[in-house]
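Please walk me through this model, stop by stop. I have it open in my viewer and would like to know what to select next.

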Amino acid sequence: MEIEPGRRVEGDGHGEIEEDNEKSSWLQQEKEELPPPDDTLVSKFTSCRWAIAYMSAMASVLLITLRHCLSMAVVCMEVDVGDVANSTINTTTSTGFANVTAGYGYITLSQNISGGNLTDRPTTPSSMYKTNPYFSRDLEGVLFSSYYYGYLTTPFVGGFLAARFGPKKMIGLSLITCSLITLLLPMAFRVNFYLAVSLRVTLGFASGVVLPSQQVLWSHWAPIKEKAQLAAFTNSGVNIGSIIVTVGSAMICGVPLDEGWPFIFYVYGGCGCVWLVLWVVVVFDSPESHPRMTDREKRIIYYMKTTKTTSVKAPWKKIVRSPPFWALVTLHFSEAWVLTSMTTFIPLYMDDVLKFSIKENGSLSSLPFIGRFIGAILSAYVADNLLIKGYLSTTVTRKLFQTIGSVVPAAMLIGVGFLNSDQRMLAVALLTLTMTSHSTTMASFRVNYFDIAPRYSGQIMGVTLSVAIIGTIINPLITSSMTLDKSQEQWQKVFFITVGIVLASDVIFLVFGSGQEQDWAKEKPREPEDLKQEAA
C-alpha cells in the first residue's frame, strides 16, 4: 500500500486509521520541499513583511513620542521667576493651589504670588530664578509616573487580546486613543493639574497593548533568519521617537504662539491621527490574510518555522516554573528602568548638572538615541548572521549580546556620574556610548521571546512588561525625590542604582537564560483519539 507523505497508517489493512499530524506533517513537508530562502536586497526591503516593519517602527515612534513628549514640555513650561512675578497667572486655577513654591528646586523659599507680586525673593543668581507656573517640582514624579499607573494594567492582557482579535486592530485602536488624549493635555494643564494626571493615566492604559501585540504580529511574519533584524527594526522606532521627542520638541517649544509648549502635544497627537490611515491600508495580521502576499514570500517566512500560528491559551503553570521565563522578567525590568532613566530624565540632567540651554538640551539629548538606533540595527544584523552561518548557538549569541549591552554601559554610566558642567561634552559622549553599547540587547532579550516560546511570545511579553512597568513607576518617584537639589552628587546616586540593576539582571540571564524553544511551548501533534472524534 502506498502511503501519502506526511500521513501514517495504523492497523492490519482492515479499517485503517489515517493520522494527520497537522502542523508537524506540514512542517516536515516544508522542510523536505522548500530550498533555503533566497532573497535579493531589493526584494527583501520591498517585501510585505518589511512594509509591515516600517509601519511597526512608526508605531513604536508614536508610542515613545506620545509617552515622553511631556519631558521636554515640562522643561519648556518653566519661566523666569521675574516673568512669573510680573504676570497675571491665576495660580489657583492653573495648579489648584493658592501658594506656589517658586523655583521648585531652584529656590527653596516658599513664595506668595498675589496680584502679580513676588515677595521674599532669595538672593541667588537671576539665572536660577525658574519656576513652573502649572505645578511644583515635587509633583513631577507624580506626573511622570501617572502614565505607568494606567500602563500597568493592560500589557498583561495585551498579548491575549492580540491573539484573540488580531494585532492590527489592537495596535491601531491603542495609538489613535493615545493621540486623541495627547491633543487634550494642554487644556488639562490649564484647567487643573490632576485632570492632566488623569489623562496621563488613561494614556498609559490605552498604550499598554502595543508591545505585546507587536510580538504577536512578528510571531506570524518574521522568518527564522530575520527575527533579530525585524524585532530590532521595530524597536528602533523607540530610538527614533526619543530623537524626535527631544530635538523636535525643543524646536516646537520656540513657536511664538500660546507659550509654545502646547504645540508639542498638538504636533505629536496630530501625527498619530495621520499614521492610523497608513496603518489600516498597509498592515495585515498574517501572511494568509494579506491580499498582496506572494507564494515566494510565504515560503521565505515559513521556512524552518516550528509553528505558523499563535495560541490564545498559554500553559501558565509550566511557564511560571520555567527559569528562562524569569530571566526574561528580570531583563525586561532592567530595560524599562534604563529607558525610563535615559528618556525621561536625561533632559533634566542636562539642565540640572550640565547646564545646557533648552535648544542645546534638545539636540544633545538626542545623541544617545541616535547611537542606540545605529547600534541596534548593526547588532541585529551581526547576530542573525552568526546564527545563519553556524558560528554560535542561539543561546550563546543571546547571552553574548546581552552581556555586552550590560557591562559596557554600566562602566560608561559610572564615569558620567563624576563629570560636571566643565566636562559636559565628555559627559554627552559617554551617555551616547552608554546607549549605543546598550543597544546590543536588541539582538538578545528583545528577540528571546521568539526563541523560547514563539506561539506564546505576545502573552509572555505582556507578563514581563507588566512587571517591568513597576520599575517605570518607581523610577520617576525615586529619581525626582533624590534630585530635588539638582546636584551632581544626587545624580551620581541615580546612575549607581541603574548600574546595579543592569548588572544584576545580566547575571541572572547568564545563569538561567536560554535560546532554545522550551518543551512547554512546542506545538504537539493531535492524538488519534482526537482525530477519530473530528471524523465522527
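How many disulfides does the count come to? The count comes to 1 disulfide, and, keeping in mind that this is a predicted model, that is a good place to begin.

**Stop one: the disulfide.** Select C76 and C253, which a disulfide joins with an S to S distance of 2.4 Å. The pair links distant parts of the chain, 177 residues apart: C76 belongs to helix α3 (residues 48-77), while C253 sits in the loop between α11 (227-252) and α12 (262-282). Show the surface as well, and look for both C76 and C253 below it, since both are buried.

**Stop two: two other cysteines.** Now pick C271, which is in no disulfide. Its nearest cysteine sulfur is that of C273, 9.2 Å away. With a cut-off of 2.5 Å for a disulfide, the 9.2 Å between the sulfur of C273 and that of C271 is too far for a bond. C271 has 43% relative accessibility and so counts as partly exposed; C273, at 30%, is partly exposed too.

**Stop three: a helix pair.** Move on to helix α17 (residues 367-388) and helix α18 (residues 394-416), whose axes lie 10 Å apart and make an angle of about 155 degrees. Angles over 145 degrees count as roughly antiparallel, and α17 and α18 are therefore roughly antiparallel to each other. Their crossing is right-handed.

To see the contact, show side chains for S379, V382, A383, L386 and L387 in α17, which meet T394, T397, R398 and F401 in α18. Coloured by class, this contact has 5 nonpolar, 3 polar and 1 charged residues.

Definitions and conventions. Residues numbered from 1 in each chain as written. Predicted model: local features only at pLDDT ≥ 70, side-chain atom pairs only at ≥ 80, totals over all residues. Heavy atoms only, no water. Axes fitted to C-alpha atoms, helices over the stretch in contact; angles between N-to-C directions. Helix = DSSP H or I, 4+ residues; strand = E, 2+ residues; numbered from the N terminus. Parallel < 35°, antiparallel > 145°, perpendicular 65-115°, else oblique. Left-handed = near helix turned anticlockwise from the far one by under 90°. Contact = heavy atoms within 4.5 Å. Nonpolar A, V, L, I, M, F, W, Y, C, P; charged D, E, K, R; others polar. Buried < 20%, exposed > 50% of the residue type's maximum accessible area, 1.4 Å probe, protein only.
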